Amino acid sequence: MGYAEFYRRSIDAPDAFWVEQARLIDWHEPPRRICDDSRPPFTRWFVGGTTNLCHNAVDRHLRDRPDQPALIWVSTETDGERVYSFRELHAEVNRTAAMLKSLGVGKGDRVLIYMPMIPEAAFAMLACARIGAIHSVVFGGFASVSLASRIEDAEPKAIVSADGGSRAGKVIAYKPLLDEAIRLSRYKPQAVLLADRGLAPMERVAGRDHDWAPLREKHLDAQVPCEWLQSTDVSYTIYTSGTTGRPKGVQRDVGGYAVALAASMELIFQGRAGETYFSTSDIGWVVGHSYIVYGPLIAGMSTIMYEGLPIRPDAGIWWQLVEKYKVTVMFSAPTAVRVLKKQDPAFLKKYDLSSLRGLFLAGEPLDEPTARWIGDGLGVPIVDNYWQTESGWPILTIANGVEPKPAKLGSPGVPMYGYKVKILHESTGEELVRPNEKGVVVIEGPTPPGFMQTVWRDDERFVRTYWESIPGKQVYSTFDWGIRDEDGYFYILGRTDDVINVAGHRLGTREIEESISSHPGVAEVAVVGVADPMKGQVAMAFAIPKDSAVLGDAAAALKLEGDVMKVVDQQLGAVARPSRVRFVSLLPKTRSGKLLRRAIQAVCEGRDPGDLTTIEDPSALQQIKDLFNP
C-alpha cells in the first residue's frame, strides 16, 4: 500500500485504522470504543480499554528477550557506563515502585522528577507508570523559581531528585535549588527521594528526605504488579517551555500514547526489536519521554541514555557510541549538528557507522547546508520531522516504514497518518490550498492518539489557547507559519509571533535566517525584529562566522556583512535585508538547543531579557549586550 492510500484510510476510517495499530501493544481489557469525539476538542481514544505503559515497555519483553540490553547509560561527564537488560531493568523498576509506594505514592498521585540523565530517572518514570502515578519530569538544573511554579501546579506527593548533575565537567548542585524551590512553593511535597552521586554535598530535611540507596536495599526483592489503567487515564504531565504566568502542563493519556509510540517506531522510525535506538535528547523534554524512555522500549529496542556534550571528550563521541552499540536509528537536533559542523569532519569517518540506517532531526527548522553536511558525512538518510510537546510524536515527516519517499531539503515532510494538517489565513480562517501560500499551520480535530488531552487542571485554558486563535474556526493552532508545495510537502517558516513588520511588510524571521545561513561564510544565525522609530521594526541579524578570525578583524567583518546583505537582496529582496549583521562567537540558547530570540530582542531594545533559567551559556547574551554598549 502506498503512503497516500495509507494516510487516507487513517483520515476516512480512523476507527478501523487505529484498531490495527492498537494490536501493537498489550491490553489487559480491550477497548470498547476506539474514538470518542463527542465533546470536541476533547478527544478520547480506546475508551474502556485498560493497559499499562510500564508493562508494554518492560514486562512484556521478559518472555522473548529478558537478557537483551534495554537501557544503555553512558556518561562522559562522570566516565560512567552501565547496561541494563530487560530483566535487570524490570528488577530496578520494581524496586523503585516499591520505594515510591513506601513513601505513600499511589494511583493518581503526582511525582515530580527533577534529575540529571542517570538511570534512576528512567527507573522513576517507569515506576510511576507501573503504579499508576502521574509523573511530571522537570528539566534538571532549572532554577528555583521555575521549579517552584511547577511544584505548585503539579502538587506532587513526592519529588525524586539527586545531589547534582554535570555539564562540560562543571557540577550543578540540584539539592540547594530544590530546597529553595520547595521553600518558595505554596505547596509542600510529603516526601523527597534523593539519589546521591557523590557530586555535591546534600543537606537532608528530617522526616521529608529519603536516600535512594538505603531505601532500595529494603526492597531488593520487590514484586510490584502493574496497575491496569484506563486508556484515558493520565500518564504524565510535562510543562511547555516559554510559558508566561502559571506554567502550562501538557496532559497525556495512557493507551493512546502507547499506541501512537508503538506505531511511530514501526512506521516512521523503522525500529526493530533487538536493535539499538539513540536519542541525544534529555528526559526533561518530550523527545526524551517519547524516544529515549517509552518508544524504543515499547518496540523491544535497546535505548541509549547519554549524559554529556556532543563534543566532549571530542566530536567523535556520538559516532563512537554508534559503532560500539550498533545503533540503527538515531534522533537528534539541528542545533547539535551545527555544533558538530564546526569540528573536524574527520570524526565522521573515524568510526564504523555501517549499522546506522537513518538520522532523524527535530526541535528547530533544519536548514539545507546543515542537512547536506551531515547527510554527506554519514552517508545515511537525514529525515527531518516536525512536532511539539503537545503532539507527543511527529506531525510532519516521512513514513518510510509505509512507503519510502524522498526527503526535500528544508521540509520536514508530509502530514503523518491521523493528522489533518491544513494551512489557514491567520485573519479570515480561510483554507489556503494553492501551492506556496503562507498561513498558519493548524490541525483539525479529532486529534490522533498520543496528542495532549488537555492542559492539566485547566480545560478552559486548553480550549482558549489552542483551539480558538483562528477567527471562526475550532482548529488546533501550532502557532507556526508554513507553506505547502505542489507535492504536498510542508515548510515551517517560524513562529507566528516571530514576524517582523517592516514598514508594513510582514516578514518571517525564519525566512531571513534561511537566506543568511546559505552564505558559505556563515555557520549559524539568529534574526530578531527590533523596534525602529521610522519603520516600526527592523530585522537585526547575529551570526557566527565560519572563520573565527572575522571576530577580531573589523574590515573582514564589514566585508562579510556586505556580502551577506547581497545574498538576502538576491534571494528575498531589499525589503528583507537586515539593518545590521553583527558577528558573535556563540548565540544564546536554552539547554535544549532553542534560540532565545526574545531575550536577544529585549537586549537589542534595551529591555530586561526576563527569565533566563534555561540559558546554556550567559556569555552568549553578554556578547550581544556588549555590541550595543561597547
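This passage covers the nonpolar cores, one buried strand and the cavities of a predicted model.

The largest nonpolar core holds 128 residues. Within this core, Leu-126, Tyr-294 and Tyr-417 touch the most other members. Helix 5, spanning residues 119–131, is the element that gives the most to the core, with 10 residues. Nonpolar side chains tend to be buried together in soluble globular proteins. Tyr-294 was examined further, with neighbours within four places in sequence left aside. Its contacts are then Leu-53, Met-125, Leu-126, Ala-129, His-135, Tyr-257, Leu-261 and His-289. A second core is separate and has 29 residues. Among its members are Ala-336, Val-337, Tyr-351 and Leu-361.

Strand 8 (residues 158–162) is mostly covered, with five of its five residues buried. Side chains in a regular strand alternate between the two faces of the sheet. In strand 8, Ala-158, Val-160 and Ala-162 point one way. Ile-159 and Ser-161 point the other way. Residues on both sides are buried. Strand 8 pairs with strand 6 (residues 110–114) in the parallel sense, over four bridges. Here Ser-161 of strand 8 is the bridge partner of Tyr-114. Strand 8 also runs parallel to strand 11 (residues 191–195), and five bridges join the two. In this pairing, Ala-158 stands opposite Ala-191 of strand 11.

Five cavities of 30 Å³ or more are present in the structure. The largest has a volume of about 110 Å³. Its lining consists of Arg-338, Glu-364, Asp-367, Thr-370, Arg-510, Glu-513, Glu-514, Ser-517, Ala-523, Glu-524, Val-525 and Leu-595. Helix 15 (509–517) and strand 30 (522–532) each supply at least two residues of this lining. Helix 15 gives the most, with four residues. By class, the lining of the largest cavity divides into seven charged, three nonpolar and two polar residues.

The second largest cavity has a volume of about 80 Å³. Its lining comprises 11 residues. Of these, Phe-142, Arg-150, Tyr-239, Gly-284 and Trp-285 lie nearest the centre of the cavity. The lining of the second largest cavity divides into seven nonpolar, three polar and one charged. Charged residues thus number seven in the lining of the largest cavity, against one in that of the second largest.

Key
Residues numbered from 1 in each chain as written. Predicted model: local features only at pLDDT ≥ 70, side-chain atom pairs only at ≥ 80, totals over all residues. Heavy atoms only, no water. Core = buried A, V, L, I, M, F, W, Y, C linked by side-chain atoms within 4.5 Å. Buried < 20%, exposed > 50% of the residue type's maximum accessible area, 1.4 Å probe, protein only. Contact = heavy atoms within 4.5 Å. Pairing = 2+ DSSP bridges. 1 Å grid on protein atoms, 1.4 Å probe; cavity = no way out; pocket = protein on both sides within 12 Å on 5 of 7 lines; lining within 4 Å. Points joined across faces, edges and corners; volume = space filled by probe spheres on them. Nonpolar A, V, L, I, M, F, W, Y, C, P; charged D, E, K, R; others polar.
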